[in-house]
Amino acid sequence: MRFVSHRTDLTLSQLAGHMEASPGHLEIYDAPGNVTVKTQDDITLENTGGKVKIENRRGNVEVRFSAPPKDDIEIDNASAGITLSLPESSSSRLWLIAIRGY
């Protein structure tokens, strides 16, 4: 799936759940494949299953996993916060996270 607007460029390889886009906010739930997004909005991702790559400016990023991630997570955010929630069963040998905030 591909979604492009004047503020967002989003590519999802699979979407089993749903996506909600409103002015200033993007929410994606249950995307078992890869997620790549470049935006200037607040973004919430919950239960992704593939690689996650987020480039954001001026919007908060919240990423939540109910199961340990199996692929890389890369979050690049400027001028806003990042919240990453992982289950207790996550192990550092199972995932690699690169987070940069400016």
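**Exercise 1. Surface and overall make-up**

How many Å² does the accessible surface of the protein chain come to, and what share belongs to carbon and sulfur atoms?

*Solution.*
- Start with the basis: this is a predicted model, where local features need pLDDT of at least 70, side-chain atom pairs count only at pLDDT 80 or more, and totals for chains, interfaces and linings use all residues. Residues are numbered from 1 along each chain as its sequence is written, and side-chain values use heavy atoms, with hydrogens and water left out.
- The accessible surface is about 5800 Å². Carbon and sulfur atoms hold 47% of that surface. Areas follow the Shrake-Rupley method with a 1.4 Å probe.
- Now count elements. The protein chain has 11 strands and zero helices. Strands are DSSP runs of E with at least two residues, helices are runs of H or I with at least four, and numbering starts at the N terminus.
- Next, burial. Of the 102 residues, 32% are buried. Buried means under 20% relative accessible area, exposed over 50%, and partly exposed in between (1.4 Å probe, protein chains only).
- Last, contact range. Take contacts between residues at least 6 apart in sequence: 16% of them join residues at least 24 apart. A contact means heavy atoms within 4.5 Å.

**Exercise 2. The open sheet**

Give the strand order of the five-stranded open sheet, then explain its edges.

*Solution.*
- The order is β3-β4-β6-β8-β10, and the pairing is mixed. Two strands pair if DSSP finds at least two bridges between them.
- The edges are β3 (18-22) and β10 (82-85). Each has a single partner strand, so one side of each lacks a neighbour in the sheet.
- From one strand to the next, the twist averages 5°. Axes are lines fitted to C-alpha atoms, and angles run from 0 to 180 degrees between N-to-C directions.
- Take the β3 and β4 pair. The sense is antiparallel, over five bridges. M19 has I28 in β4 as its bridge partner.
- Two residues separate the strands of this hairpin, and G24 takes a positive phi near 85°.
- Move to β4 (residues 25-31) and β6 (residues 42-48). They pair in the parallel sense over six bridges. H25 has D42 in β6 as its bridge partner.

**Exercise 3. The nonpolar core**

Identify the residues that touch the most other members of the largest nonpolar core, and trace the elements behind it.

*Solution.*
- The core holds 16 residues. Membership takes buried Ala, Val, Leu, Ile, Met, Phe, Trp, Tyr and Cys residues joined through side-chain atoms within 4.5 Å.
- L10, I28, I43, L45, I54 and V63 touch the most other members.
- Elements giving two or more residues are β2 (8-12), β4, β5 (35-39), β6, β7, β8 (61-64) and β9 (73-78). β4 gives the largest share, three residues.
- Check V63. Beyond its neighbours within four places in sequence, V63 contacts L45, I54, I75, T83, L84 and S85.

**Exercise 4. Two buried asparagines**

Find the backbone oxygens that the side chains of N56 and N77 reach.

*Solution.*
- N56 is found in strand β7 (residues 52-57). N56 is buried, at a relative accessible area of 0%.
- The N56 side chain reaches the backbone oxygen of D41 at 3.0 Å. A polar contact is a pair of N or O atoms within 3.5 Å; within protein, one must be able to donate a hydrogen and the other to accept it, and residues adjacent in sequence count only if both atoms are side-chain atoms.
- Not counting residues up to four places away in sequence, N56 touches T39, Q40, D41, I43, V61, D76, N77 and A78.
- N77 lies in β9. N77 is buried as well, with a relative accessible area of 0%.
- The N77 side chain reaches the backbone oxygen of A80 at 3.4 Å. A polar atom of that side chain also lies 3.0 Å from the backbone oxygen of G81.
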